[in-house]
Amino acid sequence: MDTELRLKKRRLIIAGNWKMNKTVAEGLELVQSLKRDLANVKEVDVVVCPPYTALSEVSKEILDSNIRLGAQNMSEHGSGAYTGEIAAGMLKEFSVRYVILGHSERRQYQQESDALVARKALAAHAASLKPIVCVGESLQERESGATNKVVETQVRGSLAGMTKDQAAETIVAYEPVWAIGTGKTASSEQAQEVHAFIRSILTSMFDEQISRRMRIQYGGSVKAGNAKELMSQPDVDGALVGGASLEARSFADIIKNSL
Ligand code: PGA
């Protein structure tokens, strides 16, 4: 990325969403390799989001590194009779700093609504966890010209009720559903167009100073080969990486190619 653009932009945040992959042993092996490969990377916030079961061990393994920890979901509640759920305070025990909320897979398979995502995001902030709030249109919505409408509804609904200070600490991930796990990436122009649109919504919800500080990640088939071009777009401030984050070399190459 050219120096002038980098100075103007926000610090990149590149997160690996492992989804329902990796045993503890496999997760440890992955972060051990990442620690070696990324030891000299200081310019980017690097985050890994293992499944809950690997948080404890991965947390210990990355203690002395520049890799930070994220979770893939959390409950909107602080504690109580919610079988199978995990609260923000429990994540904090493992030094988790980020939490992915409203991923399209959760919106699709667990029927998560914008209102629920907003309640979870407020609960995350209350525990000083930074939410990574995911939004994005389906293929059918894009083809019918509804992208902006869908994304605007999701951004407004999922960040509802946040203070300006909380918004500034929130990361939005634009993940077109048709690009997730399909090998189809949005072109850098398509990504930039939606990212700029999202930033304009954030300006209208909060203010320009806040929206300029907020980081908007792109997600959907990000690979080493397309990372540089995507990350060099003025409103793209990082990546949320699924498949390519499961292997140390490909995740590390994404990060190195983004510098
Ligand atoms: P992908 O997933 O990189 O495998 O497309 C991205 C995501 O779902 O966060």
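The backbone oxygen of Ser221 lies 3.1 Å from a polar side-chain atom of Asn226. The model is predicted, and that distance is computed from its atoms. Asn226 sits in helix 12. Its relative accessible area is 17%, so Asn226 is buried. Beyond its neighbours within four places in sequence, Asn226 is in contact with Thr185 and Ser221.

Ser221 also belongs to the surroundings of the ligand. The ligand has 13 residues around it. Of these, Lys19, His103, Glu175, Gly181 and Ser221 come nearest. By type, the shell consists of four nonpolar, seven polar and two charged residues. Contacts with the ligand's oxygen atoms involve both side chain and backbone. A polar side-chain atom of Glu175 is placed 2.7 Å from an oxygen atom of the ligand. For Ser221, a polar backbone atom is 2.7 Å from a ligand oxygen. For Gly242, a polar backbone atom is 2.8 Å from an oxygen atom of the ligand. On its own, the ligand has 290 Å² of accessible area, and the protein covers 95% of this.

Lys19, one of the residues nearest to the ligand, also has a notable backbone angle. Its phi is near 55°, a positive value in a residue other than glycine. Lys19 is found in the loop that joins strand 1 and helix 2. Ser128 also has a positive phi, of about 60°, and is not a glycine. Ser128 lies in the loop between helix 6 (114-126) and strand 5 (130-135). Its relative accessibility is 55%, so Ser128 counts as exposed.

The interior comes next. In soluble globular proteins, nonpolar side chains tend to be buried together. The largest nonpolar core of this model has 67 residues. Leu34, Val48, Met74, Ile198, Leu202 and Tyr218 touch the most other members of this core. Helix 10 (residues 188-205) supplies the largest share, six residues. Apart from this core lies another, of eleven residues. Ile13, Ala15, Ile100 and Leu240 are among the members of that other core.

Ile198 illustrates the packing in the largest core. With neighbours within four places in sequence left aside, Ile198 is in contact with Val135, Val151, Val155, Val172, Tyr174 and Ile216. His195 is placed in helix 10. Its relative accessible area is 0%, so His195 is buried. Residues up to four places away in sequence aside, His195 touches Tyr174, Ile216, Gln217, Tyr218, Asp235 and Val236. Tyr174 and Ile216 thus appear among the contacts of Ile198 and among those of His195.

Tyr98 lies in strand 4 (residues 98-101). At 5% relative accessibility, Tyr98 counts as buried. Its contacts outside four places in sequence are Ile13, Asp45, Val47, Arg68, Leu69, Gly70, Ala71, Leu129, Lys130, Ile132, Ile171 and Arg215. One of them, Ile13, is a member of the core of eleven residues. Tyr98 and His125 are 27 residues apart in sequence, and their C-alpha atoms are 10.0 Å apart in space.

Leu28 is found in helix 2. With a relative accessible area of 17%, Leu28 is buried. Leu28 touches Glu57, Val58 and Glu61, residues up to four places away in sequence not being counted. Leu28 and Asp235 are 207 residues apart in sequence. In space, the distance between them is 33 Å, C-alpha to C-alpha.

Helix 13 spans residues 248-258. Its buried residues are Ala248, Ser250, Phe251, Ala252, Ile254, Ile255 and Ser258. These buried residues pack against both helices and strands. The helices are helix 2 (24-37) and helix 12 (224-231). The strands are strand 1 (13-17), strand 2 (45-49) and strand 8 (238-241). Helix 2 holds Leu28, and helix 12 holds Asn226.

Note on methods. Residues are numbered from 1 along each chain as its sequence is written. This is a predicted model: local features need pLDDT of at least 70, side-chain atom pairs count only at pLDDT 80 or more; totals for chains, interfaces and linings use all residues. Side-chain values use heavy atoms; hydrogens and water are left out. A residue is near a molecule or strand if one of its heavy atoms lies within 4 Å of it. A polar contact is a pair of N or O atoms within 3.5 Å; within protein, one must be able to donate a hydrogen and the other to accept it, and residues adjacent in sequence count only if both atoms are side-chain atoms. Accessible areas come from the Shrake-Rupley method with a 1.4 Å probe; for residues, only the protein chains shown count as cover. Ala, Val, Leu, Ile, Met, Phe, Trp, Tyr, Cys and Pro count as nonpolar, Asp, Glu, Lys and Arg as charged, and the others, Gly among them, as polar. Buried means under 20% relative accessible area, exposed over 50%, partly exposed in between (1.4 Å probe, protein chains only). Helices (H or I, at least four residues) and strands (E, at least two) are DSSP runs, numbered from the N terminus. Contact means heavy atoms within 4.5 Å. A nonpolar core is a set of buried Ala, Val, Leu, Ile, Met, Phe, Trp, Tyr and Cys residues joined through side-chain atoms within 4.5 Å.
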